[in-house]
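Please open the model in a viewer and keep the sequence panel visible. The tour below proceeds by selections, each followed by an account of what is found there.

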Amino acid sequence: MRILLIEDDKELCEAIIVHLKKEAYEVDICNNGDEALYYICKFTHDLIILDRMLPGMDGLTIMEQIRKKGYTTPIIMVTAMNGINDRIDGLDGGADDYLVKPFAVEELQARIRALLRRPRIIENLDSLKFQNICLDVSTYIVSNGEKKISLSKREGALLEFFLLHKEVILTREQILGRVWGPDCFVEDGNIDNYIFFLRRRLKALDAEVVIKTIHGIGYRLESRNV
């Protein structure tokens, strides 16, 4: 599980990181609002811990922007502002939970576990669309109008993961963990083979999307015009 910690108090960051790493979470850190928005839009995380008062863009504005973009990543907002209206603003603004400073890190850990147990909501379970392609997630048939191609189970799962995180960089580790499973042994070149197969399928459909290699990191599904 990968968590994004957005907090400008560096001592608090260090304390939180020590506890989260003991529970085997991977943690990315941002200390200001502008950097945080970049991380949220370019990478994928399972949960976000977001301070309300940040240098640059504040936490409420960050939440407003990413919720408008359709990101459903669970967010725990942490802040010293403990008035009832402050909590209402945070929850109405898009937070899934609200934790007032000072707090015990053990309570934060418990809230993280509770949120990660919740099933993630996907707006449309039947199909996923991007530009001119549509994937039927029950049959793994990808189409562009009347053109249709049936994908293998692995190809379909891979395209589904890309479509759920379109225009976001997905690392090789994230792809392997989600498509093959965290405990599955996969040879290093296996993912490259399936990316090749999927690119060939998209080309055959005259898709307006491409899978771009981000050297040293992973891949990103994006519009062909980018």
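Helices and strands are here DSSP runs, helices of at least four residues and strands of at least two, numbered from the N terminus. With that convention, Asp 206 takes a positive phi of about 55° just after α8. The structure is a predicted model, and the tour will return to this residue after an overview.

**The two domains**

Begin by colouring residues 2-116 and residues 127-223 separately. The domain assignment names these stretches domain 1 and domain 2 respectively. Their C-alpha centres lie 29 Å apart. To the contact between them, domain 1 gives 7 residues and domain 2 gives 9 residues.

**Domain 1: helix α3**

Select residues 59-68, which form helix α3. Which residues of α3 are buried? They are Gly 59, Ile 62, Met 63 and Ile 66. These residues cover an arc of only 95° around the axis, and therefore they sit on the same side of α3. Now display the elements that cover these buried residues: among them are α2 (33-42), β3 (47-51), β4 (75-79) and α4 (84-92).

Next, inspect the two ends of the helix. At the N-terminal end, Asp 58 acts as a cap, with a side-chain oxygen 3.0 Å from the backbone nitrogen of Leu 60. Just after α3, Gly 70 takes a positive phi of about 95°.

**Domain 1: Ile 48**

Move to Ile 48, a residue of strand β3. Is Ile 48 buried or exposed? Its relative accessibility is 2%, and a residue under 20% is classed as buried, so Ile 48 counts as buried. Leaving out residues up to four places away in sequence, Ile 48 touches Leu 4, Ile 6, Ile 40, Ile 66, Thr 73, Pro 74, Ile 75 and Ile 76. One of these, Ile 66, has already appeared among the buried residues of α3. For a distance along the fold, select Asp 96 as well: it is 48 residues from Ile 48 along the chain, and the two C-alpha atoms are separated by 9.9 Å.

**Domain 1: a cysteine and a cis bond**

Select Cys 13. A disulfide is a covalent bond between the sulfur atoms of two cysteines. In this model the count of disulfides is 0. Cys 13 is accordingly in no disulfide, and the nearest cysteine sulfur, that of Cys 30, is 9.4 Å away. Cys 13 is buried, with a relative accessible area of 3%.

Then go to the loop between β5 (97-100) and α5 (105-117), where Pro 102 lies. The peptide bond from Lys 101 to Pro 102 is cis, with omega near -10°.

**Domain 2: helix α8**

Select residues 190-204, helix α8. How many residues does α8 have, and what should they span? At 1.5 Å a residue, its 15 residues should span 21 Å; the end C-alpha atoms are 22 Å apart, which agrees. The buried residues of the helix are Ile 191, Ile 195, Leu 198 and Leu 202. Seen down the axis, they fall within an arc of 65°, so they line one face of α8. The elements covering them include β7 (133-136), α6 (153-164), α7 (172-180), β11 (209-214) and β12 (218-223).

**Domain 2: around Asp 206**

Return now to Asp 206, which is placed in the loop between α8 and β11. Its phi is positive although it is not a glycine. At 46% relative accessibility, Asp 206 counts as partly exposed.

Add Asn 144, which belongs to strand β8 (residues 141-144). Leaving out residues up to four places away in sequence, Asn 144 touches Asn 132, Leu 205 and Asp 206. Its side chain reaches the backbone oxygen of Leu 205 at 2.8 Å.

**Domain 2: Gln 131 and Val 209**

Select Gln 131, found in the loop between β6 (127-130) and β7. Gln 131 also has a positive phi of about 55° without being a glycine, and at 43% relative accessibility it counts as partly exposed.

Finally, select Val 209 in strand β11. Val 209 is buried, with a relative accessible area of 1%. Apart from its neighbours within four places in sequence, its contacts include Gln 131 and Leu 202, the latter being one of the buried residues of α8. Other contacts of Val 209 include Phe 130, Ile 133 and Leu 221.

Terms used. Residues are numbered from 1 along each chain as its sequence is written. This is a predicted model: local features need pLDDT of at least 70, side-chain atom pairs count only at pLDDT 80 or more; totals for chains, interfaces and linings use all residues. Side-chain values use heavy atoms; hydrogens and water are left out. A polar contact is a pair of N or O atoms within 3.5 Å; within protein, one must be able to donate a hydrogen and the other to accept it, and residues adjacent in sequence count only if both atoms are side-chain atoms. Contact means heavy atoms within 4.5 Å. The expected span of a helix is 1.5 Å times one less than its number of residues. Buried means under 20% relative accessible area, exposed over 50%, partly exposed in between (1.4 Å probe, protein chains only). The arc is that of the directions from the helix axis to the C-beta atoms. A disulfide is a pair of cysteine sulfur atoms within 2.5 Å. Domain bounds come from an automatic or database domain assignment.
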